[in-house]
Amino acid sequence: MKVIKWLDRHLEELLLAVLLIAITIVMVVQIIMRYVFQNSLTWAEELSCILLVWSGFLSVSYTLRRNTAMRLTMLVAAFPRLVRNAVLLLTQILVMVFFGLLTTYSLALLSNTQQITPALGLPMVYVYASVLIGCALSTIRAAQNVFRIIRHFKTGDEFHWDPSQEEASMEKGGENEC
């Protein structure tokens with residue numbers, strides 16, 4: 001159970017860190033090969049781009065998990081507490097539906113692609129899978145946010161989700177929020 005809780009809190013962070021390290025290693029090797037050995041790798045740039053695409057789609061779910069997406073709060077802050085929570089709930093439901101639809105359409109994209117990458121000869125399915133996995137994780141994270149907001153509706157509290165406070169309460173042995 002501890003592993004599942006840890007993955008819930010840190011999955012995207014771990015994957016993004018691994019991808020960043022991989023991009024860095026590939027590009028450093030490419031630079032060394034090009035300038036020291038006068039022979040560049042034909043696949044390094046393509047692999048770095050693929051890893052960057054994966055990072056982009058995974059970072060969306062990380063942003064949803066940490067609740068750090070850009071948003072306009074001035075208008076929402078002017079509403080009464082109940083309306084503010086309702087707007088937050090509606091927003092997260094729309095985000096969940098949006099990423100759920102993208103997940104569905106990305107499945108269709110994966111089933112219809114026959115392309116391969118030019119330098120690596122890698123099937124594009126591996127690249128397009130980043131859309132599926134990133135959107136599926138984003139759907140899950142948005143659903144978790146919906147449940148957090150609903151819980152605040154039930155208790156009558158105003159929803160102020162500060163990820164650092166949530167992480168601290170979980171580290172102290174508090175309940176998992178979802």
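The paragraphs below go through the confidence of the model, two helix pairs and two serines.

The structure is a predicted model. Its chain averages a pLDDT of 86, and 87% of the residues score at least 70. Confidence varies by element: helix 2 has the highest mean pLDDT, 94, whereas helix 6, covering residues 163–171, has the lowest, 53.

Helix 2 is also part of the first pair to consider. Helix 1 spans residues 2–35 and helix 2 spans residues 44–66; their axes come within 9 Å and cross at roughly 160°. Angles over 145 degrees count as roughly antiparallel, and helix 1 and helix 2 are therefore roughly antiparallel to each other. The crossing in which helix 1 passes helix 2 is left-handed. By class, the contact between these two helices has 14 nonpolar, five polar and five charged residues. On the side of helix 1, the residues involved include D8, R9, E12 and E13, along with L15, L16, L19, I23 and V26. Helix 2 contributes, among others, L47, S48, L51, L52, W54, L58, Y62 and R65.

One of these residues, S48, can be followed further. S48 belongs to helix 2. Is S48 buried or exposed? The relative accessible area of S48 is 8%; the cut-off for buried is under 20%, so S48 counts as buried. With neighbours within four places in sequence left aside, S48 is in contact with I23, V26 and M27. I23, V26 and M27 are among the helix 1 residues that meet helix 2.

The loop between helix 1 and helix 2 holds another serine, S40. Its relative accessible area is 35%. Values between 20% and 50% are classed as partly exposed, so S40 is partly exposed. Which residues does S40 contact, leaving aside its neighbours within four places in sequence? They are Q30, M33 and R34. Of the residues just named, Q30 is also listed among those of helix 1 that meet helix 2. The C-alpha atom of S40 is separated by 9.1 Å from that of V29, and the two residues are eleven apart along the chain.

A second helix pair lies further along the chain. Helix 4 covers residues 81–112 and helix 5 covers residues 125–155, and the axes of the two come within 8 Å, crossing at roughly 160°. Helix 4 and helix 5 are therefore roughly antiparallel to each other. Their crossing is left-handed. The contact of helix 4 with helix 5 has 25 nonpolar and eight polar residues, and no charged residues.

Methods
Residues are numbered from 1 along each chain as its sequence is written. This is a predicted model: local features need pLDDT of at least 70, side-chain atom pairs count only at pLDDT 80 or more; totals for chains, interfaces and linings use all residues. Side-chain values use heavy atoms; hydrogens and water are left out. Axes are lines fitted to C-alpha atoms, for helices over the stretch in contact, and angles run from 0 to 180 degrees between N-to-C directions. Helices (H or I, at least four residues) and strands (E, at least two) are DSSP runs, numbered from the N terminus. Angles under 35 degrees count as roughly parallel, over 145 as roughly antiparallel, 65 to 115 as roughly perpendicular and the rest as oblique. A crossing is left-handed if the near helix is turned anticlockwise from the far one by less than a right angle, and right-handed if clockwise. Contact means heavy atoms within 4.5 Å. Ala, Val, Leu, Ile, Met, Phe, Trp, Tyr, Cys and Pro count as nonpolar, Asp, Glu, Lys and Arg as charged, and the others, Gly among them, as polar. Buried means under 20% relative accessible area, exposed over 50%, partly exposed in between (1.4 Å probe, protein chains only). pLDDT is the predictor's confidence in each residue, from 0 to 100.
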